[in-house]
Structures are given as structure tokens and as C-alpha cells.
Amino acid sequence: EGEEVGTRFLSDGYEARVNLIRQKMGDVSGAVGFNVLERHFEAIGAEAFVPSSTTREFGTYAQSRLDRGAWGIEGGLRGDRKEITSAGFSKAFDNLSGSLGGFWKPSDHAFFGLSVTRSERAPSDVELLADGPHAGTGAYEIGNAALKSETGYSVEATGHWQMDSHSAFSLDAHLYSSRFDNFIDLRPTGDNEDGLPVYRYVQTDADFWGFELEGGVNLWSRGAQAVRLDLAYDYVRGKSDLGDIARIAPSALTATLGYEGERWKSHLEVRHVAAADTHLAAFETPTDAYTAVNVFGSYWIN
């Protein structure tokens, strides 16, 4: 704020993680572990929209994988506890998350996978305790001390196919869908405070779905040199019981033309992002489509 400090945000703490890895014994491998975290947060100044708080977390988890070569199964389980305390406020959340997936490789050039996940996430200190102007977002944000952990259920299918070992033509596809109970969302209220629009954290049910498609082919190759063309398209949609979800990225198409040799690597990337003018959340303004061009080059020196 001119020559003076307007608001100070102070955060200190520690995090520790221990993993015990089980090397592959036959067809089975896995890991178990735990992590702890403690963070002290303090905001001082006119824009201190969150009160001082302390966050403590402890989690334990296990993961195991059965790989039979042509097929396999993988599963994971995690339990954690999160405590957030502040002046006149204390709340704890116990969460349990798990996942199970399987894959099938009918040949060396094909892979198909399917996974299902149930995950729980505790609200953050900002989502619970915010009450003030947030200059970073240009909004007056209000938390909700009654928030519960949000629970998500998701399924994802993935596939990879390559024509043969002598051709670099490949195709990848990822499809996913998620359902959230008690989804934590920051919604506009239509009011104004301190000259800023007021946003309030609420909970609702929400659905997300989308897909990613990628394909590529070598246009030319000789020894260690190759020219490759890659195309990618991604799409995602989000909707809750309160309407469309804000800040959802519009669909995008990306084309990359690259060259790779023994020492030199470069590519030209053109990414076209569609206009965001449909499925907008309340008070969300549309944005135009745009195209970004990126050029990259590197040279390896022994």
C-alpha cells in the first residue's frame, strides 16, 4: 500500500511423511505409510479476510497392486483426521477414502483400464472462517462454519492403442464422471460489501463429467531423428443443484508439431480454447475464444 505494508500473511508449520515400500513379491507389490501436518496461519492488516488459525492433520494409508502381466488389480485406502482451531472455534473432521481399479493388456500395443474412487475432503480454514475483502479475487468472501466434509464418487475409463512396434501412431482416451455430496462451492450472493461483490461458501450436490482424447503419428523418421504430429482435445462440464459451476475451463484443441534428434528437440504448439459463453454460473461473464502459439527448443550439450 504505497511505502507501507498493507496486509501481512504469515504461515509456518511442518509436514512429515513416512512410506514403507513393499518390493514386488511374486505378482504383488504395495506400500503403507502415514503423514502428519501442522500449520499456523495469521493475517494482519485491513485485508485480513481470514482469522488466525491452526490446522493439524494426521493420515494413514495403504496401497497394493496385483500385476499378472496381461491384467492386474490395484486398490488403496486412506483414513485421515483434520482439526482446525481459531479464536472461539474448533472443529474436527474424520475422513475415509478408497479406490479400486483394474487393467487389461490384450497385447503389447493396447491397454484398457477402469477405476472407481470414493474420496472425502475436509473444508479448509478459508472455507470455514473467511469473512472480509479478498483483494486476490476481488470479492468479499464469507465462510461457513457449519460446512461438512465433501464426498466424491468417481469412475474413470482409460485406453491406449498403438498400431505396432514399428509405427508411432497412437491413440489415447480418458473418460470420467464424478458425483459430489456436500460439494463446497463459492457462490455469489448479488450483494456488495466494501465496494466488492459478496461471495459465500455453501454446500450442494454436484456432478462433473468430461473426456480427453489424444492422438499422434510420426510424419518422418530416420535413425534417432523424428518429426511427429500430436492432436489433443479436452472437455469438462460441471453442474450442481444450484446451477452451473463457475470457472469451468472451456474445451480446447491442441496441435503440436515436434522434431527430436540426438541433441536437438523442438516443437511448435497451437492451442485453441473455445469461447466460454454457455453454461455460465450466476453473475459469471462470458469470455471470447482465443488461440495461443508456443514455441519450444532445447539443445543437449555433453
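In which strand does Glu-38 lie? In this predicted model, Glu-38 belongs to strand 2, which covers residues 28-45. The briefing below describes the protein as a whole and then returns to the surroundings of Glu-38.

**Overall architecture**

- The secondary structure of the protein consists of one helix and 16 strands.
- Along the principal axes, the C-alpha atoms occupy a box of roughly 65 × 50 × 45 Å.
- When contacts between residues at least 6 apart in sequence are considered, 57% of them link residues at least 24 apart.

**Surface and burial**

- The protein has 302 residues, of which 29% count as buried.
- The exposed area of the protein is about 18000 Å², and carbon and sulfur atoms account for 56% of this area.

**Charges**

- The protein carries 27 positive and 44 negative charges.
- The mean position of the positive charges and that of the negative charges are 7 Å apart.

**The surroundings of Glu-38**

- Glu-38 is classed as buried because its relative accessibility is 17%, and the cut-off for burial is under 20%.
- A polar contact of 3.3 Å joins the side chain of Glu-38 to the side chain of Arg-56.
- Arg-56 also appears among the residues in contact with Glu-38 once neighbours within four places in sequence are set aside.
- With those neighbours left out, the contacts of Glu-38 also include Asp-12, Gly-13 and Tyr-14, as well as Thr-54 and Thr-55.

Note on methods:
Residues numbered from 1 in each chain as written. Predicted model: local features only at pLDDT ≥ 70, side-chain atom pairs only at ≥ 80, totals over all residues. Heavy atoms only, no water. Helix = DSSP H or I, 4+ residues; strand = E, 2+ residues; numbered from the N terminus. Buried < 20%, exposed > 50% of the residue type's maximum accessible area, 1.4 Å probe, protein only. Polar contact = N/O pair within 3.5 Å; in protein donor to acceptor, adjacent residues only side chain to side chain. Contact = heavy atoms within 4.5 Å. Areas by Shrake-Rupley, 256 points an atom, 1.4 Å probe, with all protein chains shown as cover. Lys, Arg positive; Asp, Glu negative; His and termini not counted. Charge placed at Lys NZ, Arg CZ, Asp CG, Glu CD.
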